[in-house]
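Student: Please take a close look at the ligand site in this structure. I would like one connected account, with a few other places in the chain for context.

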Amino acid sequence: MRLNGKTAVITGGASGIGLEAVKLFAREGANVAIVDFNEQAGKEHENGNNVLFFQADVANRENIDLAIQGVIEAFGKIDILINNAGITRDATLRKMTIEDFQKVIDVNLTGVFHCTQAVLPIMLEAGKGKIINTSSIAGVGGNFGQTNYSAAKAGVIGLTKTWAKELGRKGINVNAVAPGFIETDMISTIPDHILMQIKLITPSVRLGKPEDIANAYLFLASDESDFINGHVLSVDGGMMK
Ligand SMILES: NC(=O)c1ccc[n+]([C@@H]2O[C@H](COP(=O)([O-])OP(=O)(O)OC[C@H]3O[C@@H](n4cnc5c(N)ncnc54)[C@H](O)[C@@H]3O)[C@@H](O)[C@H]2O)c1
């Protein structure tokens, strides 16, 4: 029980990587708040006990303030924030619309700002906290067809390093995880032959599973990582090495 007595907010916790983290954190003894805009999927995973769902769009500050207020009313505190919600709207630079550029920035970058700023007063008052932001190999190395996504995910690394510097002295650790290609809905539109090529250029010769990322979140959320701050942990089978 590595998270006994802790409360975690997991954005995008209704499916994919986030859902895997919700299940793992609950097994490790945490109270878990799923914050997601998909009400149907989110509600399915409530258990009326230590896993509750709060519907919110991370790009909407009012939504997030209300959700965080709800989490405090339900669980009384927040020790861990996983900024995991994310979307893609892929196109090459030549074809990308400004709407698709802006939408991805709003959710994947500004959403991280909103959620962290909303939770921050609670962690400052407690004098401790763990914030884990989800970046991507695309944020580290760029990726074909992902101008918007790569910019947002590189921005997430910038936020992470800045917040570690600002908040470390307040007892708050801020780290990022940079997943490689992980088997979730997000990569379901990639054709099989491309996925095969991706596997072949990955030193571990496979795609990632949601639990590979959930385990990294768990380590960074646990007391075992107390002296790790401002780090970007690649969980990509060695792809970015
Ligand atoms: N799957 C991959 O290969 C991969 C690789 C690198 C990084 N990531 C990142 O990991 C994170 C999780 O991705 P996933 O693969 O589990 O995707 P997913 O599509 O399976 O899940 C994303 C979740 O985020 C929620 N969400 C989307 N927009 C939201 C919003 N505006 N407000 C609230 N919730 C919202 C969705 O409803 C969904 O439950 C994302 O940040 C993604 O960018 C994924």
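Tutor: What follows starts at the ligand and then moves to single residues elsewhere. Keep in mind that this is a predicted model.

Start with the space itself. The ligand occupies the largest pocket. Which elements give two or more residues to the shell around the ligand? They are helix H1, residues 16-27, and helix H6, residues 147-167. The shell is mixed in class. It has 14 nonpolar residues, 11 polar ones and three charged ones. In total, 28 residues surround the ligand. Those that come nearest are Asp-36, Asp-57, Asn-84, Tyr-149 and Thr-184.

Now the individual polar contacts. Tyr-149 uses its side chain: an N or O atom there is 2.5 Å from an oxygen atom of the ligand. Ile-182 works through its backbone instead. One of its backbone N or O atoms lies 2.8 Å from a ligand oxygen. Val-58 also offers a polar backbone atom, and here the partner is a nitrogen atom of the ligand, at 3.0 Å. How much of the ligand does the protein cover? On its own, the ligand has 830 Å² of accessible area, and the protein covers 94% of that.

Next, helix H6 again, at another residue. Lys-165 has its place in this helix. Is Lys-165 buried or exposed? Its relative accessibility is 65%, so Lys-165 counts as exposed. Set Lys-165 against Glu-44. The two are 121 residues apart in sequence, and their C-alpha atoms are 38 Å apart in space.

Helix H4 gives another case. This helix runs over residues 98-126, and Gln-117 is in it. Gln-117 has a relative accessible area of 38%, so it is classed as partly exposed. Its C-alpha is 9.6 Å from that of Arg-61, with their positions 56 residues apart in sequence.

Turn to strand E7. Leu-233 is placed in this strand. Leu-233 is partly exposed because its relative accessible area is 26%, which falls between the cut-offs of 20% and 50%. Leu-233 and Pro-179 are 54 residues apart along the chain. Their C-alpha atoms are separated by 8.3 Å.

Strand E7 covers residues 232-235, and the segment after it holds Asp-236. Why is Asp-236 classed as buried? Its relative accessible area is 9%, and buried means under 20%. The side chain of Asp-236 has two backbone partners to look at. At 2.9 Å it reaches the backbone nitrogen of Gly-238. A polar atom of the same side chain lies 3.1 Å from the backbone nitrogen of Met-240.

One last stop is a loop. Helix H7 covers 192-200 and helix H8 covers 210-221, and Val-205 is found in the loop between them. What is the phi of Val-205? It is positive, about 50°, although Val-205 is not a glycine.

To return to the ligand: its polar partners include the side chain of Tyr-149 and the backbone of Ile-182.

Conventions
Residues are numbered from 1 along each chain as its sequence is written. This is a predicted model: local features need pLDDT of at least 70, side-chain atom pairs count only at pLDDT 80 or more; totals for chains, interfaces and linings use all residues. Side-chain values use heavy atoms; hydrogens and water are left out. A residue is near a molecule or strand if one of its heavy atoms lies within 4 Å of it. A polar contact is a pair of N or O atoms within 3.5 Å; within protein, one must be able to donate a hydrogen and the other to accept it, and residues adjacent in sequence count only if both atoms are side-chain atoms. Accessible areas come from the Shrake-Rupley method with a 1.4 Å probe; for residues, only the protein chains shown count as cover. On a 1 Å grid over the protein atoms alone, a cavity is a set of points where a 1.4 Å probe fits but cannot get out, and a pocket is an open set with protein on both sides within 12 Å along at least five of seven lines; lining residues have an atom within 4 Å of a point. A molecule sits in a cavity or pocket if more than half of its atoms lie within 2 Å of its grid points. Helices (H or I, at least four residues) and strands (E, at least two) are DSSP runs, numbered from the N terminus. Ala, Val, Leu, Ile, Met, Phe, Trp, Tyr, Cys and Pro count as nonpolar, Asp, Glu, Lys and Arg as charged, and the others, Gly among them, as polar. Buried means under 20% relative accessible area, exposed over 50%, partly exposed in between (1.4 Å probe, protein chains only).
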